[in-house]
Amino acid sequence: MIAAIGLVIGIVLGIVFQPGVPLWLQPYLPIAVVAAIDAVFGGVRALLDDVFDDRVFVVSFLSNVMIAGLLVFLGDQLGVGGQISTGVVVVLAMRIFSNAAAIRRRLFHA
Amino acid sequence: MQLIAAVLAGLLGFALIAATRPPSPEVALAKARESDLVQLLDDLSQRQARLEQDRLSLQAAEQRLTSADDEQRLAEARRRATSLAVLAGTAPAQGPGIQMTIADPGHKIESTVLLDAVQELRDAGGYAMSINTTRVVVDTWFADKTGAVVISGVQATPPYVFLVLGDPQTLATALQIPGGVADTVRTNGGRFSVADRDVVSVSAVVPLRTPTFAEPVPSPS
């Protein structure tokens, strides 16, 4: 629950301060955001299944973001940046969808 | 731990807002991948080369026209006027070309066949042509009447004699391709013949019409 409050506070701060993204972070931010959203959905699903663990959430969040960033960086260095980022986004979206489906089934029994 | 989770979620919210702001043009370039930037650079270089060429040719034209004396400029203008008149059909023309005859003993050749022939001849480079006594220009139209074809209001009866100016080889070959004009005429029961000529004289003209609404662009003075 505290995490949800934290999310809201973060969004509000973002709207208030209108941050500009530093240049070196530019290519990685969108993928990192999608990876973080995937971790959050996984956390919500765990919450609804009563198996939520703070530590698991934090570790999965950080590792998702790190791995996504590393993959994009590696892809750019190898010259397949576009393809790797597409692949990463596709996989993350699939996981988001499956987590969202589980949440939906749990919430609405439908 | 809970606090850390909250902080991470906060960071996510913050980053979400930051990442979804519409990027300004410089930021969009900074986000692009290297291959995209290379392609962009390529496109821009090609465009620059093309525009440079245009600039050079326009400069040369300006040079030519401003340094020529009045007589040369007048001669150049007259040359342009003559070629435009030939293309528009207001002046007679002479030159190498072909004479094509479509005989129609069974009266089965329709306007579509003649229109096809005109299109094919134009595609093959015919720049001035006449059918019987009518000059064929941009707005020539064809219609059917019993036993004859009406060309721009003038009735034309078979045999239809085409006089066409252009490269004789190309014109004659274009007419004889399988499925071309020769084949269509024969399928419709007509007789087709074509002859190269060194000099074809297209004497039919169309009168110069004054436009009802269009006006020439006023010259800057």
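These are my notebook entries on what I looked up in a predicted model of two protein chains, A and B.

**Entry 1: confidence**

I began with the scores that come with the prediction, and I noted that the predictor gives the complex an ipTM of 0.72 and a pTM of 0.48. For chain B I wrote down an average pLDDT of 86, with 95% of the residues scoring at least 70.

**Entry 2: chain B as a whole**

I then looked up the make-up of chain B, which has seven helices and eight strands. Of its 221 residues, 32% count as buried. I also checked how far apart in sequence the touching residues of chain B lie, and among contacts with a separation of 6 or more, 72% are between residues 24 or more positions apart.

**Entry 3: where the chains meet**

How many residues of each chain take part in the contact between chain A and chain B? I found 31 residues of chain A in contact with 21 residues of chain B. Between them the two chains bury about 2,400 Å², and 76% of this area is on carbon and sulfur atoms. On the chain A part of that area, I noted that Pro19(A), Gln26(A) and Asp54(A) supply 20%, more than any other three residues.

I went on to look for charged pairs across the interface, and the rule finds zero salt bridges there. The count of residue pairs in polar contact between chain A and chain B, with both residues at pLDDT 80 or more, is also zero.

Which helices of chain A supply the side that touches chain B? I listed α1 (2-17), α2 (29-48), α3 (54-78) and α4 (81-108), each of which gives at least two residues. The largest share, nine residues, comes from α1(A). Sorted by class, this side of chain A has 19 nonpolar, nine polar and three charged residues.

**Entry 4: a salt bridge inside chain A**

Next I turned to salt bridges in the whole structure, and over all chains I counted six. As a reminder to myself, side chains of opposite charge can pair when their charged atoms come close.

One of the six joins the side chains of Arg95(A) and Asp38(A), with 3.0 Å from N to O. Arg95(A) lies in helix α4 of chain A and Asp38(A) in helix α2, so this pair ties together parts that are 57 residues apart in sequence. Are the two partners buried or exposed? I found Asp38(A) to be buried, with a relative accessible area of 2%, whereas Arg95(A) is partly exposed at 42%.

**Entry 5: the surroundings of that pair**

I followed Asp38(A) to another partner, Asn64(A), whose side chain makes a polar contact of 3.0 Å with the side chain of Asp38(A). Asn64(A) is found in helix α3 of chain A, and it counts as buried because its relative accessibility of 18% is under the 20% cut-off. Leaving out residues up to four places away in sequence, Asn64(A) touches Ala35(A), Asp38(A), Ala39(A) and Arg95(A), and I recognised both members of the salt bridge, Arg95(A) and Asp38(A), in that list.

For Ala35(A), I noted that its backbone oxygen lies 3.4 Å from a polar atom of the side chain of Asn64(A). Ala35(A) is in helix α2 of chain A and is buried, with a relative accessible area of 1%. With the same exclusion of residues up to four places away in sequence, Ala35(A) touches Asn64(A), Val65(A), Ala68(A) and Leu92(A). I also looked up Ala35(A) and Arg95(A), which are 60 residues apart in sequence and 9.7 Å apart in space, C-alpha to C-alpha.

**Entry 6: two salt bridges in chain B**

In chain B I looked up the pair Asp70(B) and Arg73(B), whose side chains meet in a salt bridge of 3.3 Å, N to O. Why are they separated by about one helical turn? Both belong to helix α4 (residues 70-88) of chain B, where they are three residues apart. Asp70(B) counts as exposed at 57% relative accessibility, while Arg73(B) is partly exposed at 36%.

I then took up the salt bridge between the side chains of Arg209(B) and Asp139(B), at 2.8 Å from N to O. This pair links distant parts of the chain, 70 residues apart, with Arg209(B) in the segment after β8 (191-202) and Asp139(B) in the loop between β3 (134-136) and β4 (142-145). I recorded Arg209(B) as exposed, with a relative accessible area of 62%, and Asp139(B) as partly exposed, at 44%.

Definitions and conventions. Residues numbered from 1 in each chain as written. Chains lettered and ligands numbered in written order. Heavy atoms only, no water. Contact = heavy atoms within 4.5 Å. Buried area = accessible area lost by both parts, 1.4 Å probe. Salt bridge = Lys/Arg side-chain N within 4 Å of Asp/Glu carboxyl O. Polar contact = N/O pair within 3.5 Å; in protein donor to acceptor, adjacent residues only side chain to side chain. Helix = DSSP H or I, 4+ residues; strand = E, 2+ residues; numbered from the N terminus. Nonpolar A, V, L, I, M, F, W, Y, C, P; charged D, E, K, R; others polar. pLDDT = per-residue confidence, 0-100. Buried < 20%, exposed > 50% of the residue type's maximum accessible area, 1.4 Å probe, protein only.
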